[in-house]
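Subject: Handover of a structure for your review

Dear colleague,

Please find the structure below, handed over for your use. My notes on what was found in it follow directly after.

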Amino acid sequence: MQLSVRKISLLYPFLLLAFVLLLYPVFPVSAAYPVPEMDPKGYPAPNTGCLAPGKCHAEIEPIRAHNSEMAKQIYDLGAKLGDPNGCVVCHGGNPTEEKEAKIAHTGAPDGSPLDTFVLHSGSVWVNEKICGQCHKDWVYAQYRSIMQTEAGKIQGALWGWGPVSTGYAKKYGNYDVDDPDGPDPVFGTKEYKEYTKALMQAHPNNFPVKLEQVPKTNVEMLKENPAEAIYTYIRTDCQRCHVGVKGRDKRGDFRGMGCAACHIPYNNAGLYEGNDQTVKRDETGHSMVHSIQSTREAKVVVNNMVYSGIPHETCVSCHNRGKRIGVSFQGLMEFPYGSPFAADGQKQPQLHTKVYQFIKDDTHHKLKSRDGNPEGGLLCQDCHATTSLHGNGNITGTLLANVEIECSDCHGTATQYPWELPLGWGDEFGRKLDVNKPRGLTTELLENQQKFGTAYPVKDGYLLTARGNPFGNVVREGDKVTVHSASGLDFEVPTLKSLNLQNKWQNKEAAVAAKIRTPGHLEKIECYGCHSGWAPQCYGCHVKVDFSGDKTATDWVAAGNTHFPDGHTAESMRNAKPPVAPGVAFGKTSENRSYLRWENPVLGLNGEGRVSPIVPGCQQITTVVGPDGQTIIHNKIWRTSPDAEGGGSQGQRGTDMAPAAPHTVDRQARECTSCHATSKALGYGTHDGRYLQQYTKGIYVDIMNEKGELVTRTAKFQISPIPDLPMDLDQLVTREGEQLQTVGHHWPLDGPLTKDMRDNMERVGVCLSCHKDVPTGKFAYRVLSRAGSVVGLIPKSDKEHQKLIGRALYLAANVEVFGGIVFVSAVVFLGLYLLVRRKKKT
């Protein structure tokens with residue numbers, strides 16, 4: 001059969017559609033944005049310099065799509081420096097050399113802010129001259145951000161080591177740093193800046209004006225002051241995740257430095273998957289491709305796939321320890337087992353040097369978007385915007401000093417939409433809010449959002465954070481709220497007021513907890529206090545710092561402070577030939593734990609004064625081995641300064657439980673009984689702290705007589721004693737009100753639930769009020785129970801039990817309210833009847 005030209009032309013649209021459908025799985029790009037211009041041949045001058053055909057970097061992918069504004073600016077700057085391809089703008093070097101790499105990677109063109117070739121362009125130590133050409137404020141803020149200084153982490157570690165603790169003050173960071181531009185944030189609205197400065201004035205410990213580099217261990221002083229060992233622990237174990245260094249050479253931990261820590265993609269293996277033929281495919285430590293990841297417009301192309309935004313995995317390269325919010329968001333919790341076995345019969349591959357079990361991922365991790373995509377979810381950056389991540393230019397010493405968002409900023413409450421709430425709702429820190437002053441909306445973005453972010457249609461206005469900055473990606477349209485994800489997906493946010501007005505609650509428990517019937521929940525409890533499905537709880541942080549023999553470890557602080565003009569730090573040059581010795585600390589740290597839990601975490605108060613889940617922060621139980629191999633301290637729990645945290649004259653145990661937002665949000669909240677009828681949630685420990693109570697003496701398991709005395713001389717402690725641990729590690733307080741360990745060490749309002757709260761919350765007695773007599777107590781109860789059993793009315797499930805109690809309460813309420821009326825009416829009627837009858841007789 002022959003096809004005419006006319007017939008072929010009629011078939012052409014269908015053939016084109018089929019071709020597009022075949023390509024779509026390969027290029028799943030949002031319809032709003034075309035496939036970006038990422039062809040290496042699209043450079044302004046692909047046949048010269050670094051990109052000369054057959055030479056070095058001829059096939060390298062562009063840092064941004066050629067048609068993007070960023071790429072155009074780079075090409076313009078490059079042309080002025082003799083390199084229209086713009087390589088020298090970020091890397092320096094000699095763009096006219098096409099043969100010898102050593103010559104090409106030397107110096108910098110005249111007029112360049114650089115004076116040498118730079119390999120790690122995003123590195124903290126060079127980015128002021130590179131990224132800072134366009135992003136000056138970001139570079140300033142990033143150097144003072146908590147992801148660079150880690151001041152809060154350092155203060156938290158010192159907190160548990162007694163004599164060297166700085167108390168509540170943030171004195172040390174990874175580097176010497178100050179804030180010469182003063183307390184005004186470099187980003188933010190007028191309202192945000194006023195809010196921040198008021199918070200700084202009220203809590204100066206959490207907003208230091210300068211930091212000193214954390215000291216090194218004075219090994220000669222160890223016997224006199226063994227707490228000096230904490231500095232080796234901090235430097236070699238805790239500080240590898242700050243952005244001033246490149247990070248550990250382990251699966252899942254590969255990343256860049258400075259700006260590149262977030263904005264350049266690294267896969268878990270640390271292997272290059274781009275087209276540059278000079279990069280070894282089997283050498284770890286390289287970025288996945290030579291492209292920037294950031295906003296919705298910044299498309300990254302790799303292996304014929306396209307994505308936008310900053311993937312969770314980039315954030316998780318650091319946020320996999322401490323409170324573990326990154327891996328928890330993905331549904332993962334570390335366990336020691338490594339099961340199930342892989343296809344090759346081996347245990348699962350280690351990730352961040354750990355193996356995991358899947359519990360349940362955060363509901364925001366996988367959501368159905370407006371177009372029905374079931375797998376896409378929110379990215380970290382969709383909630384945590386520029387001031388939270390880059391910092392605002394001030395030095396901060398704790399997480400809550402930076403995070404400006406609350407769940408209610410998007411979801412509102414059962415009685416108010418987000419724009420009807422006052423600024424500061426959920427972020428009170430003990431302050432009284434003017435609830436009659438709604439925050440409203442804004443139609444204006446911050447200058448940095450307009451210039452460098454994605455400008456989404458304003459509709460009825462952009463929503464505001466609890467501290468007054470616009471959400472550039474969250475907009476109101478009528479009574480609906482839409483979140484535009486940097487991934488390219490859009491999501492409709494369920495607002496609680498709409499659910500309430502339409503009575504579309506998922507279940508009765510949700511309605512009871514969120515509606516006006518229990519307003520105390522919304523006023524006193526973090527949303528995630530109930531809606532965190534689980535939380536990783538690693539009880540007991542057993543730390544050993546061993547200075548014996550020739551033990552050494554990478555000193556991440558020293559490595560970051562040992563940096564070079566090309567952006568390298570000492571540790572980032574591990575692949576150099578010959579290798580450059582990294583900063584090395586004398587002594588080696590190892591960690592272990594007591595036990596793991598994930599279900600129903602303890603509740604306490606966070607710095608904002610709200611009820612929050614609390615998890616083991618750093619429950620340090622310390623052992624120090626001296627240079628001579630002798631143990632200096634063994635399983636020691638240090639104490640805080642006197643009278644701190646309810647510890648009296650001897651101070652409180654420095655084992656710390658930390659308020660946390662676990663990032664394991666579940667639509668189905670905790671059951672009421674998991675808080676109101678559970679001793680662990682209230683802080684009294686599992687089953688009122690009846691377990692793990694023999695650690696002060698240690699445990700022997702060997703041949704003993706009837707008195708429990710060892711009869712063998714070969715016995716060893718099976719479990720060595722921890723002299724100052726008389727309780728389970730999940731117990732905060734006793735029934736008598738004695739506090740047993742610290743809860744938070746940053747904010748004045750951090751702590752266990754108050755006694756009044758615990759007494760008001762506890763509802764164990766509700767069960768006893770009935771079941772002390774039912775079914776075998778007083779005669780009436782026995783008869784009623786027997787009759788119910790015969791006719792099949794004894795409840796067999798929790799729901800049936802609730803119905804029975806509901807009927808009983810309804811009957812009792814009617815008797816209470818109407819019984820008296822009926823009784824009085826009957827008496828009055830009887831009296832009138834007798835009176836009338838007597839009159840008739842007379």
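The buried residues of helix H5 are covered by elements that include helix H6 (146-149), strand E2 (177-178), helix H14 (386-390) and helix H16 (447-452). Please bear in mind throughout that this is a predicted model.

Helices H5 and H9

Helix H5 spans residues 136-144, and its buried residues include Trp138, Val139, Tyr140, Ala141, Gln142 and Arg144. Tyr140, which belongs to this helix, touches Asp179, Pro180, Asp181, Val186 and Gly393 once residues up to four places away in sequence are set aside. Its C-alpha atom is separated by 7.9 Å from that of Glu128, a residue 12 positions apart from Tyr140 along the chain.

Helix H9 is mostly covered, with 9 of its 9 residues buried. These are Ile230, Tyr231, Thr232, Tyr233, Ile234, Arg235, Thr236, Asp237 and Cys238.

Salt bridges

How many salt bridges does the structure hold? The count is 24. As general background, side chains of opposite charge can pair when their charged atoms come close. Three pairs are described here.

Asp253 and Arg240 form a salt bridge in which the closest N and O atoms are 3.9 Å apart. Both residues sit in the loop between helix H9 (230-238) and helix H10 (260-263), and they are 13 residues apart. Asp253 is buried, as is Arg240.

Glu334 and Arg324 also meet through their side chains in a salt bridge, with an N to O distance of 2.7 Å. Glu334 is part of strand E6 (residues 332-335), whereas Arg324 belongs to the loop between helix H11 (312-316) and helix H12 (325-329), so this pair ties together parts that are 10 residues apart in sequence. Glu334 and Arg324 are both buried.

The third pair is Arg735 with Asp688, whose closest N and O atoms are 2.8 Å apart. This salt bridge links distant parts of the chain: Arg735 lies in the loop between strand E22 (717-719) and strand E23 (742-743), and Asp688 in the loop between helix H23 (679-682) and strand E21 (699-700), 47 residues apart. Are these two partners buried, partly exposed or exposed? Arg735 is partly exposed because its relative accessible area is 38%, and Asp688 counts as partly exposed because its relative accessibility is 39%. In addition, salt bridges with shared partners join Asp237, Arg321 and Glu591 into one network.

Ser679 brings both members of the third pair together in its contact list. This residue lies in helix H23 and is buried, with a relative accessible area of 11%. Leaving aside neighbours within four places in sequence, Ser679 is in contact with Tyr684, Gly685, Thr686, His687, Asp688 and Arg735.

The open sheet

An open sheet is formed by 4 strands in the order E8-E9-E10-E11, with antiparallel pairing. Strand E8 (461-464) and strand E11 (490-493) stand at the edges with a single partner strand each, so one side of each has no neighbour in the sheet. From one strand to the next, the twist averages 40 degrees. E8 and strand E9 (residues 470-477) run antiparallel and are joined by 3 bridges. Leu464 has Pro470 as its bridge partner in E9.

A nonpolar surface patch

Which residues form a nonpolar patch on the surface? They are Phe823, Val824, Val827, Val828, Leu832 and Leu835, and together they have about 570 Å² of accessible area. Val827 is placed in helix H27 (residues 798-841), and Val827 is partly exposed, with a relative accessible area of 45%.

Backbone features

Three points of backbone geometry may be of interest for your setup. The peptide bond from Ser339 to Pro340 is cis, with omega near -5 degrees. Pro340 lies in the loop between E6 and strand E7 (355-358). Thr353 is also placed in the loop between E6 and E7, and its phi is near 65 degrees, a positive value in a residue other than glycine. Thr353 counts as partly exposed, at 32% relative accessibility.

Glu150, in the loop between H6 and helix H7 (151-159), likewise has a positive phi, near 50 degrees, and is not a glycine. At 7% relative accessibility, Glu150 counts as buried.

With kind regards

Terms used. Residues are numbered from 1 along each chain as its sequence is written. This is a predicted model: local features need pLDDT of at least 70, side-chain atom pairs count only at pLDDT 80 or more; totals for chains, interfaces and linings use all residues. Side-chain values use heavy atoms; hydrogens and water are left out. A salt bridge is a side-chain nitrogen of Lys or Arg within 4 Å of a carboxyl oxygen of Asp or Glu. Helices (H or I, at least four residues) and strands (E, at least two) are DSSP runs, numbered from the N terminus. Buried means under 20% relative accessible area, exposed over 50%, partly exposed in between (1.4 Å probe, protein chains only). Contact means heavy atoms within 4.5 Å. Two strands pair if DSSP finds at least two bridges between them. Axes are lines fitted to C-alpha atoms, for helices over the stretch in contact, and angles run from 0 to 180 degrees between N-to-C directions. Patches are made of residues with over 30% relative accessible area and no salt bridge: like charges are joined within 9 Å, nonpolar side chains (Val, Leu, Ile, Met, Phe, Trp, Tyr) within 5 Å. Accessible areas come from the Shrake-Rupley method with a 1.4 Å probe; for residues, only the protein chains shown count as cover.
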